[in-house]
Amino acid sequence: QVQLVESGGGLVQAGGSLRLSCAASGSIFSINDMGWYRQSPGKQRELVADITSGGSTNYADSVKGRFTISRDNNKNTVYLQMNSLKPEDTAVYYCNAEIWIDRDSSWYGWGQGTQVTVSS
């Protein structure tokens with residue numbers, strides 16, 4: 001059984017910062033790409049940032065220069081440091097990952113989500 005558990009969401013004023021964490025647990029052989037997505041009411045889930053196992057990163061234009069994705073492979077954890085937050089960043093943030101359970105079997109799934117609310 002593999003699962004992703006997010007933490008670190010909350011309420012913050014515009015211009016503030018939050019750090020999200022997402023830890024993978026269970027039967028893990030290795031982890032490929034990990035990423036953060038977000039979804040606000042009435043909108044589709046969108047990519048915020050992702051990171052490869054080697055550390056290469058990719059960001060949505062709307063968060064470039066404000067958000068930083070990183071990972072600790074020893075802890076099977078991905079982080080999202082969010083600075084200069086704006087009200088439009090308000091959403092439920094989800095992490096996802098492609099996890100190899102063994103050399104032949106992989107699992108691609110999502111965490112339960114964590115709410116980020118930015119007040120103006």
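This briefing describes the overall build of one protein chain, its salt bridges, two buried charged residues and a few local features.

The model is a predicted one. Its secondary structure comes to eleven strands and zero helices, so that from the N terminus on the elements read β-β-β-β-β-β-β-β-β-β-β. The radius of gyration of the chain is 14 Å, close to the 14 Å that the globule rule gives for 120 residues, and the chain is therefore as compact as a globular protein of that length.

**Overall build**

- Taken along the principal axes, the C-alpha atoms of the protein chain fill a box of roughly 50 × 25 × 25 Å.
- Of the 120 residues in the chain, 38% are buried, and the chain exposes about 6,400 Å², of which carbon and sulfur atoms supply 43%.
- Among the contacts with a separation of 6 or more, 55% are accounted for by residues that are 24 or more positions apart.

**Salt bridges**

- Four salt bridges are found in a search of the whole structure, and the bullets below take up some of them, including the pair formed by Glu46 and Arg38.
- In the pair of Glu46 and Arg38, the closest N and O atoms are 2.8 Å apart; Glu46 is partly exposed, with a relative accessible area of 37%, whereas Arg38 is buried, with a relative accessible area of 7%.
- Asp89 and Arg66 meet through their side chains in a salt bridge with an N to O distance of 2.7 Å. Asp89 lies in the loop between β8 (77–82) and β9 and Arg66 in the loop between β6 (57–59) and β7, so this pair ties together parts that are 23 residues apart in sequence. Both Asp89 and Arg66 are buried.
- Arg38, Glu46, Arg66 and Asp89 are linked in a network of salt bridges.
- The side chains of Asp61 and Lys64 also meet in a salt bridge, at 3.1 Å from N to O, and here Asp61 is exposed, with a relative accessible area of 64%.

**Arg71, a buried charge in strand β7**

- Arg71, which lies in strand β7 (residues 67–72), is buried yet has no salt bridge. The nearest side chain of opposite charge, that of Asp33, is 5.5 Å away, beyond the 4 Å within which a salt bridge is counted.
- The side chain of Arg71 does reach backbone oxygens, namely that of Thr52 at 3.1 Å and that of Ile31 at 3.3 Å.
- Leaving aside residues up to four places away in sequence, Arg71 touches Ile31, Asn32, Asp33 and Met34, then Ile51, Thr52 and Ser53, and finally Thr77, Val78 and Tyr79.

**Glu6, a buried charge in strand β1**

- Glu6 has its place in strand β1 (residues 2–7) and is likewise buried without a salt bridge, the nearest side chain of opposite charge being that of Arg45, 7.5 Å away.
- The side chain of Glu6 reaches the backbone nitrogen of Cys95 at 2.8 Å, and a polar atom of this side chain also lies 2.7 Å from the backbone nitrogen of Gly113.
- With residues up to four places away in sequence not counted, Glu6 touches Ser21, Cys22, Trp36, Tyr93, Tyr94, Cys95, Gly111, Gln112, Gly113 and Thr114.

**Val92 in strand β9**

- Val92 is found in strand β9 (residues 91–100), and its C-alpha atom is separated by 9.4 Å from that of Gln112, a residue 20 residues apart from Val92 along the chain.
- Apart from residues up to four places away in sequence, which are not counted, Val92 touches Tyr37, Arg38 and Gln39 as well as Gly113, Thr114 and Gln115. Among these, Arg38 is also a member of the salt-bridge network described above.

**Positive phi outside glycine**

- Asn76, in the loop between β7 and β8, has a phi near 55°, a positive value in a residue other than glycine; at 24% relative accessibility, Asn76 counts as partly exposed.
- Ser84, in the loop between β8 and β9, has a positive phi of about 50° although it is not a glycine, and at 40% relative accessibility Ser84 counts as partly exposed.

Note on methods. Residues numbered from 1 in each chain as written. Predicted model: local features only at pLDDT ≥ 70, side-chain atom pairs only at ≥ 80, totals over all residues. Heavy atoms only, no water. Helix = DSSP H or I, 4+ residues; strand = E, 2+ residues; numbered from the N terminus. Buried < 20%, exposed > 50% of the residue type's maximum accessible area, 1.4 Å probe, protein only. Lys, Arg positive; Asp, Glu negative; His and termini not counted. Polar contact = N/O pair within 3.5 Å; in protein donor to acceptor, adjacent residues only side chain to side chain. Contact = heavy atoms within 4.5 Å. Rg over C-alpha atoms; globule rule 2.2 N^0.38 Å. Areas by Shrake-Rupley, 256 points an atom, 1.4 Å probe, with all protein chains shown as cover.
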